[in-house]
Amino acid sequence: MAEPYLDLSTVPPLAVPLLKAIEGRADYARAAAKISVVLSDKLALADANNFATAVRRLAPNDPVVLKLTGKLLDKAVPGWHFACLNDTERNAAYERALNALVTPETIVLDVGAGCGLLSLLAARAGAKHVYAVEIEPLVAEAAREIVARNGYADRITVIGKDIRDVRLGEDISERCNLVVQDIIWPEPLSKDIHHLLDYCRDTLLTDNALFLPESLTMCGMYIDAQRNLAPRDYRDVHGFDFSPMSIFASHQVTYPREFLPEKPLTNPFAIADIDLRRTFDPQAFDKSTTVSTIAAGEIHYLLRWLEMRFPDGTVLNNGVGHTSCRNMIANRVLEPITVSAGADVEISMESQQNQMLAMVKVQSGN
């Protein structure tokens, strides 16, 4: 039986003659997938993504089609969407808070709604209405289908826009009194993220709106070098000195969730407390603190994570010992510092280019 063909009226015009040429082929879906890759650089991003999605629907179980179209779709729908769906600890925390705080008069704004899980949880908790705002068109369209499939189309409105383009009286009929979001990680000091929250606070929310989460603490600990991180000390690589490569090394790396720190050099400490209900200027963030080491070694990385707090008392932590879709982040120390146990280490922190920078020096006990 011949494979179904793409509807040529729905594909980009550039693809039409190429698709006509492969009609009748037994491997039509695979050939169409190759065409989607060839044309990807010549098409607008939205057109390329829609084309790849349509091809994938022809053969959703063909590994070749999935591989070829995945190159495009992974950019539009990155893997963290699925990681969030699979994160039972995260989802249970949001559900617990929503069940405790939502009333029949609650109007919810879901910022960065993704495929709509938090919106659905809010609706199921009894919210009067939910506005789910998602910037990626493919994901927003999937969210609409998911909302309808689960019977909440009358209480959840999916808005496929940048939150800063959402207008009161046009997209949203009235100010919302609860905002839910999970966009703050991995850079809680990002001015872009805080500008989004400022826009919501000033334009789309009531004065007494609840924030989920409402505050957070960025936590950290210093650790020695680890086998599961890219080697930081390039002075000795199998007996050779590769020091010149250090200048090219990434400033920060994702810390594998499945590994515990092999050698913590300090206990966990608070880096920054942020009240998400208030305006926060990351560019003004400049802080110094002193921590004591608990072991001797070389400081190679600042390992950091978040503890997020909700108005009902729920706490969500993606640190050591927790399961989470949010990986911890390891910021490398530019020059490893040798410390003894009980040394006082001063850390100076500031925000630059939406990222946290940390400088370390030993005060005493070295």
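**A tour from Ile223 to the β4 strand**

Start by selecting Ile223, which is buried in this predicted model, with a relative accessible area of 0%. Ile223 belongs to strand β6, residues 215-223. Now show what surrounds Ile223: beyond its neighbours within four places in sequence, its contacts include Tyr255, Pro261, Leu265, Ile299 and Tyr301. Add Asn267 to the view as well; this residue is 44 residues along the chain from Ile223, and their C-alpha atoms are 9.7 Å apart.

Next, move to helix α8, residues 137-149. Its 13 residues should span 18 Å at 1.5 Å a residue, and the end C-alpha atoms are indeed 18 Å apart, so the two values agree. Which residues of α8 are buried? Select Leu138, Val139, Ala140, Ala143 and Val147 to see them. Then bring in α3, α4, α5, α7 and β3, against which the buried residues of α8 pack.

Look at the two ends of this helix, too. At the N-terminal end, Glu136 acts as a cap, with a side-chain oxygen 3.1 Å from the backbone nitrogen of Leu138. After α8 comes Gly151, with a positive phi near 80°.

Last stop: strand β4, residues 176-181. Five of its six residues are buried, so β4 is largely enclosed by the rest of the structure. Color β1 (residues 107-111) and you will see a parallel partner of β4, paired over four bridges; Val111 stands opposite Gln181 in β4. Strand β5 (residues 205-212) also runs parallel to β4, joined by four bridges, and Val180 stands opposite Leu212 in β5. To finish, trace the chain from β4 through helix α9 (residues 191-204) to β5: this β-α-β crossover is right-handed.

Conventions: Residues are numbered from 1 along each chain as its sequence is written. This is a predicted model: local features need pLDDT of at least 70, side-chain atom pairs count only at pLDDT 80 or more; totals for chains, interfaces and linings use all residues. Side-chain values use heavy atoms; hydrogens and water are left out. Helices (H or I, at least four residues) and strands (E, at least two) are DSSP runs, numbered from the N terminus. Buried means under 20% relative accessible area, exposed over 50%, partly exposed in between (1.4 Å probe, protein chains only). Contact means heavy atoms within 4.5 Å. The expected span of a helix is 1.5 Å times one less than its number of residues. A polar contact is a pair of N or O atoms within 3.5 Å; within protein, one must be able to donate a hydrogen and the other to accept it, and residues adjacent in sequence count only if both atoms are side-chain atoms. Two strands pair if DSSP finds at least two bridges between them. A crossover is right-handed if, with the strands pointing away from the viewer, the path from the first strand over the helix to the second runs clockwise.
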